[in-house]
Amino acid sequence: MSATGIGAAVRRKEDQRFITGKGHYTDDVNRPGQCCAYFLRSPHAHARIKAVDCAAAAKMPGVLAVLTGAELAGDKIGNLICGWMITSKDGTQMKMAPHPALAHGKANHVGDAVAVIVAETLAQAKDAAEKVSVDYEPLPAVTDPGKAQTEGAPQIHEIAARNTIYQWHLGDQKAAEAAFKAAHHVTRLDFINNRLAPNAIEPRAAIGEYDAGTDGLTLWNTTQNPHVARLVISAFVGIAPEHKLRVIAPDVGGGFGSKIFIYPEEVVCLWAARRIGRPVKWVSDRSEAFLTDAHGRDHVTHAEMAFDADSKVTGLRVKTIANLGAYMSTFSSSVPTYLYGTLLSGQYDIPAIYCEVDAVYTNTVPVDAYRGAGRPEATFVVERLIEVGAREIGMDPADLRKKNFIKTFPHQTPVIMNYDAGDYHASLKKALEIADYSGFGKRKRESACGIAPSQAVGSLGCGVGLWESAEVRVNPTGSVEVLTGCHQHGQGHETTFAQVVAERLGIPIDNVSVVHGDTDKVQFGMGTYGSRSGAVGISAIVKALDKIEIKAKKVAAHLMEAAEGDIVFQDGKFTVAGTDKSAAWGDVTLNAYIAHKFVGEELEPGLKEGAFYDPVNFTFPAGCHICEVEVDPQTGDSEIVAWTAVDDFGTVINPMIVEGQVHGGIAQGVGQALLESVIYDKEYDHDEIALESPRHQGLRGSGRDRGAGGRHQRHHGCDRDRGFGDACDRTDGVAGIAEGQQQTPSGIGATTMYAFTQHRPATVRQAASLLAKEEEAKLLAGGHTLIPTMKLRLAGPKHIVDLSKVEGLTGIEMTGRSLIIGAMTPHVEVATSQVVKENIPALADLAGKIGDPAVRHRGTIGGSIANNDPNADYPAGVLGLGATIVTNKRRIHADEFFKGMFETALEPDEIITKVQFPKVNKAAYVKFPNPASRYALVGVFVSKRSSEVRVAVTGAGASGVFRVPTFEEALKKRFGAKSLEGLTIPADGMASDIHGSAEYRAHLVGVLARRAVAAAVG
Ligand SMILES: Cc1cc2nc3c(=O)[nH]c(=O)nc-3n(C[C@H](O)[C@H](O)[C@H](O)COP(=O)(O)OP(=O)(O)OC[C@H]3O[C@@H](n4cnc5c(N)ncnc54)[C@H](O)[C@@H]3O)c2cc1C
């Protein structure tokens, strides 16, 4: 191994540009005359589009075109397609419903694009979108895959009765039945593989450009496979013939599958560019990405595993309903079938397997391949069954695995796959050793994944081959350009591919460059997904390098006047066997281009070779991960305390990159298991997306002006600034604030850009008079709630009274037995203040638990209390300590201050100036944080001062922070955790949302209160 060759932990060549901000992404591309596209999206999960009136929007400033599905159909632009045909068990073909790039006649999911507005600027396009009037007739919707096939469920597409796309099966049903009949033990499980929304760092983007001179189109696109995009867009959507369409995927910031597919926006940008005669750019924002990037997983499964008396697995039966969403995305049909059913044998010798998959349409975002695509789902099924089976049988799960591992290879599974090689026992043994398995209880998972050979997938219905191509161009000076059909979007191909070439040719890695992502440069390729780039893409390069070596040897033979068969090539040097003659790599490459030195008929000039590599089988790398998790039995809180990963990678080209890939895979697995889930409202006819993300629960449903927007304040002018920067400019001045989305009558995502005036008073008096004078004025403290709320259009103040320059609002001091904290004091100062730590340490502890460092540095105690978010921490501390809120007008005791969710006793022109906390004997705060935002799912603050005991709860109450008199009474008698034993609070009146039910919250109040008292007692 050389310092940069195969096996070396070479630092990624591409990182130089990425970490210095020199990456060139689609949004960095700006074409002359470029204009912007904005998509108006359906706010309904399912609705008939009775009419779309674009007349008013078309007259808005800067608008170049407002296009709808009608125009798209009129121009005969074809539908998007799914490229993998699945045949149902009754022999019928899958029911692929039309998927127009702009919905026509009916919208089938929230976010379905209904119109595109193209304007000179994005802001103008957004403004115009407000004026598009869509007459929707909302229809009943179904989002749950389990319900989609039921009698009476709303039918989404005419072609698919009971929303069923296909009913597929694999394996031997009779053999499986026999195994279950004879079984000694059967393990049965029902589970849901939760829906995931991909979140690449770079959101999707597209630029379409039409060249009237050549009648050619160019698409810059965030795609994982530009050639497939070109093929589908030309051959099926019919925008342009393949040779007239160039697709360029510049740097792409992450994909994980979500950028494999052909999306409506790409088609629309190309189509609109030709209609308008100008380049059209679209860049997704994050909210749009949640509504439009193909989601992952979403399986409902019943699975059974049969064991004989010797604990050998004898059979597996799996029935899965796979949610494919509102339309069939490019490869969606293959994910729950050939990428799932075929992997159900896992690492086990299972003689009989039978798998049935029903794929269904629902009114949700389309689902397609997402990191691992089908294989994680299969692994989850098999490993859960083994794990639970072991417990039921009373056997160590590791021993059950060992007993059932496939031990001889090649191994033909009952579900198509033929495994070439593996040593599963070795990975497990190693992992058990490293994880010190005998020392603790654990859970483990194994995985198998592979790449896709054309013959195998072709026979399974795939519409494209899955080989890969490479071209190696050697320049006269000996430097090398490698053109590959793979595409990198974070994998580090520019380094690993170069390492292989550098080692093989004996040249410095810096003399190798890797070219990819442009259909005009690389003839054809299949892109990057499904763990294929190393196994297939590099293999194609190696094949091309073989040809290069053969040709170079011919040139060397000519140069050294030797027989071609005598030429030896090693370490970048050509030698003539048995002589001291040699020629350096550079001599040979140069001579390859000096044509007069050899006769053209014998040897063509140049040194350039291409190869296509199509493997005969999948690869089956295997591994074993052991994750040790500590679960708090009282709260369900879980913590990963150790992770052991043993993977059989084969030849490792760059260990550093491999480790990075493993880390990324683990992070995504943990994300799915513990943090991520896309949940749709169960209510038909008004589905909305609710993701586990900061502060979603507070924003759902109510539609009322919440928290930061709740109080109308008035005031009087002084040092006037406009917006953030310059709000006079409606577009730029407020861009940082007003790029939110709202659901308007015309569609989701339509945004009103609005101007506001920012005032910076110097005194509380000035601030108060500004509040009194100006209509719809609002105070700004840290802005950590107000600004996101404005972005989401839940508040729209016309005047912002910024308190940052007001004197005397910060600071912490002890006055007698009172701790005084200025309203503008940021959380970090309270958390770290020696005065607070010495006098009321529980308060410092509370402040240190708020959000993340950014939140703690910006958020203020005054803003937090005034906002009275039902999940905020300070309200619990303020109420739990019986503090007094001091305003410009009066003093308000905590018991009188918090009036309900986002409601306080503050009057419209009242300003909190400080908070006064009494010193207490004992106090503690314990919270169960929402893992994403760190807001309190439930938090309990307890304090004892002389005979007064206070227990305040945040997060749990449906109307915000509250005290628990029953607990306080019990604690008054004796201040100890034992006093609370057996005491509970009713679930009635508790909040209930995707993060926790009312019952769970009520339970947590009891648990956390006991813990808080125990902590206070010390
Ligand atoms: C990602 C994220 C995570 C968070 N996590 C947590 C968490 O774990 N726990 C938690 O408790 N909080 C959390 N927060 C909230 C944060 O801690 C702030 O306390 C909160 O955003 C409000 O404080 P602010 O200073 O930013 O107020 P702003 O956003 O500026 O204002 C909020 C509201 O209070 C009003 N207001 C501000 N100051 C005064 C005043 N002096 N008198 C009268 N009215 C006033 C404003 O007009 C506005 O209506 C989180 C916030 C974010 C963005």
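**Exercise 1. Which loop is the place of P410?**

Solution. This is a predicted model, where local features need pLDDT of at least 70, side-chain atom pairs count only at pLDDT 80 or more, and totals for chains, interfaces and linings use all residues. Residues are numbered from 1 along each chain as its sequence is written, and side-chain values use heavy atoms, without hydrogens and water.

Step 1. Fix the elements. Helices (H or I, at least four residues) and strands (E, at least two) are DSSP runs, numbered from the N terminus.
Step 2. Place the residue. P410 sits in the loop between α11 and β16 (411–412).
Step 3. Check the bond before P410. The peptide bond from F409 to P410 is cis, with omega near -5°.

**Exercise 2. Locate N163 and state its phi.**

Solution.
Step 1. N163 belongs to the loop between α5 (145–148) and β7 (164–171).
Step 2. Its phi is near 60°, a positive value in a residue other than glycine.

**Exercise 3. Describe how α11 meets α12.**

Solution.
Step 1. Take the axes. They are lines fitted to C-alpha atoms, for helices over the stretch in contact, and angles run from 0 to 180 degrees between N-to-C directions.
Step 2. The axes of α11 (residues 397–404) and α12 (residues 424–435) come within 10 Å and cross at roughly 160°. The two helices are therefore roughly antiparallel. Angles under 35 degrees count as roughly parallel, over 145 as roughly antiparallel, 65 to 115 as roughly perpendicular and the rest as oblique.
Step 3. The crossing of α11 and α12 is left-handed (the near helix is turned anticlockwise from the far one by less than a right angle; clockwise would be right-handed).
Step 4. List the contact (heavy atoms within 4.5 Å). From α11, A398, R401 and K402 meet H425, L428 and L432 of α12.
Step 5. Sort by class. The contact of α11 with α12 has three nonpolar, one polar and two charged residues. Ala, Val, Leu, Ile, Met, Phe, Trp, Tyr, Cys and Pro count as nonpolar, Asp, Glu, Lys and Arg as charged, and the others, Gly among them, as polar.

**Exercise 4. Follow α15 to α14 and to α16.**

Solution.
Step 1. α14 (residues 493–505) and α15 (residues 533–559) pack at about 30°, with axes 11 Å apart. α14 and α15 are therefore roughly parallel.
Step 2. Their crossing, α14 with α15, is right-handed. Among the residues in this contact are F497 and V500 of α14, and I538 and I541 of α15. The contact of α14 with α15 divides into eight nonpolar, two polar and three charged residues.
Step 3. Turn to the other partner. α15 and α16 (residues 585–593) pack at about 90°, with axes 9 Å apart. α15 and α16 are therefore roughly perpendicular.
Step 4. I548, A552, V555, A556 and L559 of α15 touch W585, D587, V588, N591 and A592 of α16. By class, the contact of α15 with α16 has eight nonpolar, one polar and one charged.

**Exercise 5. Characterise the lining of the largest cavity.**

Solution.
Step 1. About 190 Å³ of space lies in the largest cavity. Of its 21 lining residues, the closest to the centre are H99, Y263, P264, T292 and P366. On a 1 Å grid over the protein atoms alone, a cavity is a set of points where a 1.4 Å probe fits but cannot get out; lining residues have an atom within 4 Å of a point. Grid points are joined across faces, edges and corners, and a volume is the space filled by probe spheres set on the points.
Step 2. α8 (264–276) and α9 (286–292) each supply at least two lining residues of the largest cavity.

Conventions. 1 Å grid on protein atoms, 1.4 Å probe; cavity = no way out; pocket = protein on both sides within 12 Å on 5 of 7 lines; lining within 4 Å.
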